[in-house]
Structure formats: structure tokens, C-alpha cells
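Please walk through this fold with me, one feature at a time. We begin with strands and then move on to charges and loops.

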Amino acid sequence: MTWFSDQDLRRLAGATSYERGRDYVDAVGTVDELPDGVVATVEGTESYVVRLTDSAGLHGECSCPYGRDGNFCKHCVAVGLSLLGARPVAPRRQAARQGLRGYLHALGPDTLVDLVIELAEDDPALLRRLSLRAATHGETDVKELRRLVGGLRQRGFLPYGRGLDYARKASDVLDALDRAGESAPARIGPLYRTAIQHLTRTTEQADDSSGSIGDQIGRAVAGYARACRAAPPRDPAELAAWLIDFRVQGPGWPELPIADFAEALGESGLAAYRARLAELAGRHLDPGDRWTVRHLLEQYLKVIARDTDALVAMYAEELPQSYQYVRIGETLRDAGRQAEAITWLRRGLTEANRPDSRIDSLLAELLTGQGEYAEAVGIRWRLFTELPDPQRHQDLLDAAERAATLAEVAERAAAHLHQRAASGGYQADFLVRVLLESGDADGAWEAAVRYRCSAGILYRVGEVRARTHPADAIPVLARQAEDKMTTGTKGYPAAARIVTQIRDLHERAGLDFEAFLAALRERHRRKPSFLAALDKAGL
């Protein structure tokens, strides 16, 4: 027996990943037992390594991008389903570990040391971890740590799989720096900086679509800031210059948050930071570098100086860009200067280089806060008629309620939605979505039947209708199943699963499913793969 069930797979993966995992069962390669579970490969876009373990319940890890983010992915599901089908034995963790421990305890110290060294010589990752532990055991061996940090310097392109290996290597190195940094922050700080530089350069020539190397850069930045706070630099101006120049002269990442380094910089270092930004702002820079300098200045003014007027002046330099009016309005709002924010936003309505709903939304929000309800309703109405989605509909009703015109505005909004729905072109989607979001399931169904809406909205309404009126939903799900089949054989399993739902609806409605199924099989008798999918689904 396995140590988990199909229900565990569904719970951990969620409906979408579970369904996708079913299609990958045949892609599962060799499955090897571990003391606490299994390890297997699954062939996807690349060959991915999956590990399922019994860790107070089922736990899954996968080397794919989604799995690297900590998710129980479709590849984990595939391996789990493969195991459930093969009925392997449960993990033999306790017995295996006891036997291994007994063997190792029986070895003499010298023999054990020789064994570990022999194994490490054939396993670079093990050798690296042991070397890092040795360098941080007792008195920190900074020279050895510097050598190991230097090993993060990468030459040549790293494809996806090797990028994951590199990230694990970086993680081992940073673990060691974290340990050593607790007792020797002044000596370890420069090593963090070197690690940041090596890791950043590597991302410029690596497939880091999983973000695993980027995560290690974030760790290195946090470690460097922590070391600087624990042992402030002797030359704060040098640190200030590095924080800026590394961003400007580098690829544009990582973020080096000034707030994290402010304590270490102190008053003199922060002054040097501001002066360096002013110096660079006065130079002729290429657009990318100029943007970086402005971004750093913006963060400084927000977080350190907290200078609202300077921020407004900086944003105003780029008017009439529409978003700058939004940023000015938000900045003044956050500073408690609502009246000034409203003035700027009103200007934005007429002076911005293009219409921007964010200006309208923020203005309506601030007008509501100032008690200018009628004007706020007018703005919300304009936004709603431009794009009558559920959120804008709700915003309009909220504003109307404050203005004591809710009944009138709600009736007017409903008439507008019906008028758009009658114009065709899937305009009914707006009406149906608004009715669904407001909880009017019957009204949504009636609108979907009366007007023409898109297939996706129709299927969504059909799913809701099925809860209370199963007979009504059968034609909708039947159409959905037919749509799945138009994608070819890859859509057949999904179509078969929809047919199983149709069977349940027939049973609930007291209708003859066998007649429906017979007609479906006859209609698609020339599609043996689809008929096989129905057979596999028990239909």
C-alpha cells in the first residue's frame, strides 16, 4: 500500500494541476525507492526530477519552474498516480535508516572519515557542503570562504537544468556566509558583496526562468544588508557609491533597497548617496541608466527623505504623461493633502496625453472622501459605460448609495447593460458577469439564454445553473464537450470527463442518460480515440 491516496493528490495539487497530471502518467520514467519515499523522472518540456516523501503526510518536490516555487505540480501528480496504479510498498524509512545508522556506528572514526572523503571526491555537491561546513566550524576560515564564493563566478551560458544546479550551489555558499556572518559580520560583509556580483553576472547568461538564481541574489542582498547593520562600514560614502553604481552600471537588477542599508550608511552615508544621485542626474545618460537613477531617487525621496513636494516636482517633470498625474495624486493623498490631489487629478482629465481610467478612479475615490458624492457618481458612471465590468458596476452602486441615488442609478445601469447586450457581439457577457457577481444566478441564466454571449461565459453560467436546474445545464455541458473535441485527440480525455458530469446531471434530473450516450457514441463513431476515452471514463 502507498502512504497516500488519490484524494491527497487532488487536495495538494488542486483541480487544474491534478487534471494535467493525469495526462503525464505515461511520461513517468524509472521510479526509485528512497528511505522516506520515491524519486522519479518525468519527461515534460525537459526531463524533470520528482521526489515524493512521507513527511507527516505526502510531500512533493519537482525541478520544474512551477514545482521550484513550492507547488505540488502536475509532474508530482503524475508520479503519484503512477504509484497508485502500481501499488508500491510504503516507504521503508525507519528500517532503512536504522540499518544505515547501525553500520556507520560500527565503523571506527578513521574508517568513517575515509569513507566520507571517498564519497565526497565522487560527489562535487557533497564536497562543497563539507568544505563550507569546515570553513565555518570553530574559527571562521575567511580565506576558504572567499575561495568558495569565487566558485560562483560562472563562464558560459547555463541552460535551465544547470541553472538549477548553480542555484543549489549558491544556496550552500550563502548558508555558510549566514552562519559565519553571525559572529564575524565585518569580515563576511565583503564576501556577500562579491557573491551578489557573481550571481548577478550569471543571471545575464543563464536560463533562470524558474527564478531560482534570482532568489539566491535576494538572499545575498539581505545578508549583505544584515552584515552592514551589524558592522557599519568604515567608509559609508564608498558603500553609498557602490549601491548606486552597481545598479546603474549593471543589468538593472537586483534591487538594493536603500531602507535596508540606511542604518549602516548613517547620516554621512545617506548624504553621499543623495549627492551621488544628483551628480548622475546631471550627466548625459542613456535612457535605461536615466530611468534607474530616477527610480533610485524616487525611492530615496519616499523612504528616506519623505519629501512629498520633491516627489511631486519629479513626477511633474514628465507631464503630460497620464500616469504621472496618478502618481502625483497618490503621493499627495498619502501625505494627507487630498484637496491638492484633487486639483492635480482634475487637471489630468483635460491635460493628460491620453485618457487613463486610473485618473478617474482615484479622483472619484478622493471626491467621495471629501463628500463630493454627486461628482463622484458622474465619474463612476462614465467609467462604467466605457467598460461595464462587475467591479466598475459595484463601484458605481457604492458611490450612488453614498449620494442617496442608489435605486435610480441601479435601474439606469441595468437598462444600459440590457441595451448593450441586445446590440450583439458578445456584449451580453458584461450583463451576465454582473448578474453572476451580484448573486442573481437566475437572472444570469435568463440573460445568457435571451442574448448571445461567449462560450466561456455560457459554460460558467451553465456550471452555476447545474446546481439547481440540472436539466437546463445538460445542453450547455454537451456543447462544452463538443468544443473540447474540436481540439483533436488531446481534448478527448477532457471531453469524456465532461460527459461524466452530464451523466450525473441526467441522474439528478431523472432523465435517460443511456439514450444521450448512445446518440453521442453514434455521432462520433468514426473517432475511436474518443470512444476509448469514454470507455476509460467508465462510460
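Strand β4 (residues 58-62) has two unlike faces: L58, G60 and C62 make up the covered one, while H59 and E61 make up the uncovered one. In a regular strand, side chains alternate between the two faces of the sheet. Strands here are DSSP runs of E with at least two residues, helices are runs of H or I with at least four, and both are numbered from the N terminus.

A word on the source. This is a predicted model, in which local features need pLDDT of at least 70 and side-chain atom pairs count only at pLDDT 80 or more, while totals for chains, interfaces and linings use all residues. Residues are numbered from 1 along each chain as its sequence is written, and side-chain values use heavy atoms, with hydrogens and water left out.

Now follow β4 to its partner. Strand β3 (residues 47-54) runs antiparallel to β4, and 5 bridges join them. Two strands pair if DSSP finds at least two bridges between them. Within this pairing, L52 stands opposite G60. The two strands form a hairpin with 3 residues between them. In that turn, A56 has a positive phi of about 55°.

β3 also pairs with β2. These two strands run antiparallel and are joined by 7 bridges. Here Y48 of β3 is the bridge partner of V42. V42 in β2 is also the bridge partner of V28. That second contact belongs to the pairing of strand β1 (residues 28-34) with strand β2 (residues 37-43), antiparallel over 5 bridges. A hairpin of 2 residues joins β1 to β2.

Next come the charges. Side chains of opposite charge can pair when their charged atoms come close. The structure holds 36 salt bridges. Each is a side-chain nitrogen of Lys or Arg within 4 Å of a carboxyl oxygen of Asp or Glu.

Take R219 and D178. Their closest N and O atoms are 2.9 Å apart. R219 lies in helix α10 (residues 212-230) and D178 in helix α8 (residues 160-181), so the salt bridge ties together parts that are 41 residues apart in sequence. R219 is partly exposed at 25% relative accessibility, and D178 is partly exposed at 23%. The cut-offs are these: buried means under 20% relative accessible area, exposed means over 50%, and partly exposed lies in between (1.4 Å probe, protein chains only). The pair also belongs to a network of salt bridges that links D175, D178, R219 and R226.

Other pairs sit within one helix. K302 and E298 form a salt bridge at 3.4 Å, N to O. Both lie in helix α13 (residues 287-305), 4 residues apart, about one turn of the helix. K302 is partly exposed, at 41%, whereas E298 is buried, at 8%. R347 and E351 form a salt bridge at 3.2 Å, N to O. They are 4 residues apart in helix α16 (residues 338-351), so about one helical turn separates them. R347 is partly exposed at 34%, and E351 is partly exposed at 38%.

Which residues form a negative surface patch? They are D110, D114, E118, E121, D122 and D123. Patch members have over 30% relative accessible area and no salt bridge, and like charges are joined within 9 Å. Asp and Glu count as negative. One of the patch residues, E118, lies in helix α5 (residues 109-121). E118 is partly exposed, with a relative accessible area of 48%.

Finally, look at the backbone in the loops. Most residues other than glycine have a negative phi, and most peptide bonds are trans. The bond from W253 to P254 is cis, with omega near -5°. P254 lies in the loop between α11 (236-249) and α12 (258-281). The bond from L319 to P320 is also cis, with omega near 15°. P320 sits in the loop between α14 (308-316) and α15 (322-334).

Positive phi turns up too. A404 has phi near 60°. This residue lies in the loop between α19 (390-402) and α20 (406-422), and it is exposed at 70% relative accessibility. Y426 has phi near 65°. Y426 is found in the loop between α20 and α21 (428-437), and it is partly exposed at 38%.

Technical notes:
Patches are made of residues with over 30% relative accessible area and no salt bridge: like charges are joined within 9 Å, nonpolar side chains (Val, Leu, Ile, Met, Phe, Trp, Tyr) within 5 Å. Accessible areas come from the Shrake-Rupley method with a 1.4 Å probe; for residues, only the protein chains shown count as cover. The place of a charge is taken as NZ of Lys, CZ of Arg, CG of Asp or CD of Glu.
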